[in-house]
Amino acid sequence: MPAKIRLQRHGKKGRPFFHIVVADSRAPRDGRFIERIGSYNPITDPATIDLNVEKAADWVIKGAQPTETAAAILSYKGVLYRVHLNKGVAKGALTQEQADAKYAAWVAEKQNKIDSKKTRLASEKSKDAASRLAAEEKANQARIDARKKKEAEANLAMEAPAEGGEATEGEAPAEA
């Protein structure tokens, strides 16, 4: 029974949500599975990945083959690096403490990258909101200025015929 680590699609149309599962390769995509080892939400930015690294590494060591997308997720979360380090420990190239220290350093660096991306996205969002607010205020001021100008022109137009009308009324009795 060849096992695969793959994604099982859930969620609504246009709003996918995936479970990361270990399943028999002959089972349907959303069918039976052996074990659920995590979840993946691609809608959020950055994508939310909840993965049990120990279980995933154990399955990869046992021979479960990840699909292309699942392999990218496992690599992103450091499962494949952990398996690589465990192979080094098994060969005697590293001690378990050295492997754990390397993995912890890698995880900390990866978390810093994710946090910096989140702060960058938040600052870009606030800058975008501020620029849209400034543009809206400018448009509102232009609209107010245009309305005042139009009202001033209307007042001048009403005053001009009224002054001219008085002169014509004054002339009419003089002619009579």
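**Exercises on a predicted model**

In the lining of the largest pocket, helix α4 contributes the most, with 7 residues. The model used throughout these exercises is predicted.

**Exercise 1.** Describe the space and lining of the largest pocket.

*Solution.* The pocket encloses about 310 Å³ of space. Of its 16 lining residues, those closest to the centre are I49, Y76, K77, Q111 and I114. Two or more lining residues come from each of β4, α2 (68-77) and α4 (96-175). Sorted by class, the lining holds 9 nonpolar, 3 polar and 4 charged residues.

**Exercise 2.** State the volume of the second largest pocket and the make-up of its lining.

*Solution.* The volume is about 170 Å³. Residues that line this pocket include I49, Y76 and I114. Helices α2 and α4 each supply at least two residues of the lining. The classes are 8 nonpolar, 1 polar and 3 charged residues.

**Exercise 3.** Determine whether the length of helix α3 agrees with a rise of 1.5 Å a residue.

*Solution.* Helix α3 covers residues 79-91, which is 13 residues. The expected span is 1.5 Å times one less than the number of residues, so α3 should span 18 Å. Its end C-alpha atoms lie 19 Å apart, which agrees. The buried residues of α3 are V79, R82, V83, L85 and G88. Just after the helix, G92 adopts a positive phi of about 95°.

**Exercise 4.** Give the strand order of the open sheet and identify its edge strands.

*Solution.* The 5 strands follow the order β4-β3-β2-β1-β5, with mixed pairing. The edge strands are β4 (48-51) and β5 (65-66), each paired on one side only. Strands β1 (residues 3-12) and β2 (residues 15-24) run antiparallel and are joined by 10 bridges. R6 has V21 in β2 as its bridge partner.

Notes
Residues are numbered from 1 along each chain as its sequence is written. This is a predicted model: local features need pLDDT of at least 70, side-chain atom pairs count only at pLDDT 80 or more; totals for chains, interfaces and linings use all residues. Side-chain values use heavy atoms; hydrogens and water are left out. Helices (H or I, at least four residues) and strands (E, at least two) are DSSP runs, numbered from the N terminus. Buried means under 20% relative accessible area, exposed over 50%, partly exposed in between (1.4 Å probe, protein chains only). Two strands pair if DSSP finds at least two bridges between them. On a 1 Å grid over the protein atoms alone, a cavity is a set of points where a 1.4 Å probe fits but cannot get out, and a pocket is an open set with protein on both sides within 12 Å along at least five of seven lines; lining residues have an atom within 4 Å of a point. Grid points are joined across faces, edges and corners, and a volume is the space filled by probe spheres set on the points. Ala, Val, Leu, Ile, Met, Phe, Trp, Tyr, Cys and Pro count as nonpolar, Asp, Glu, Lys and Arg as charged, and the others, Gly among them, as polar.
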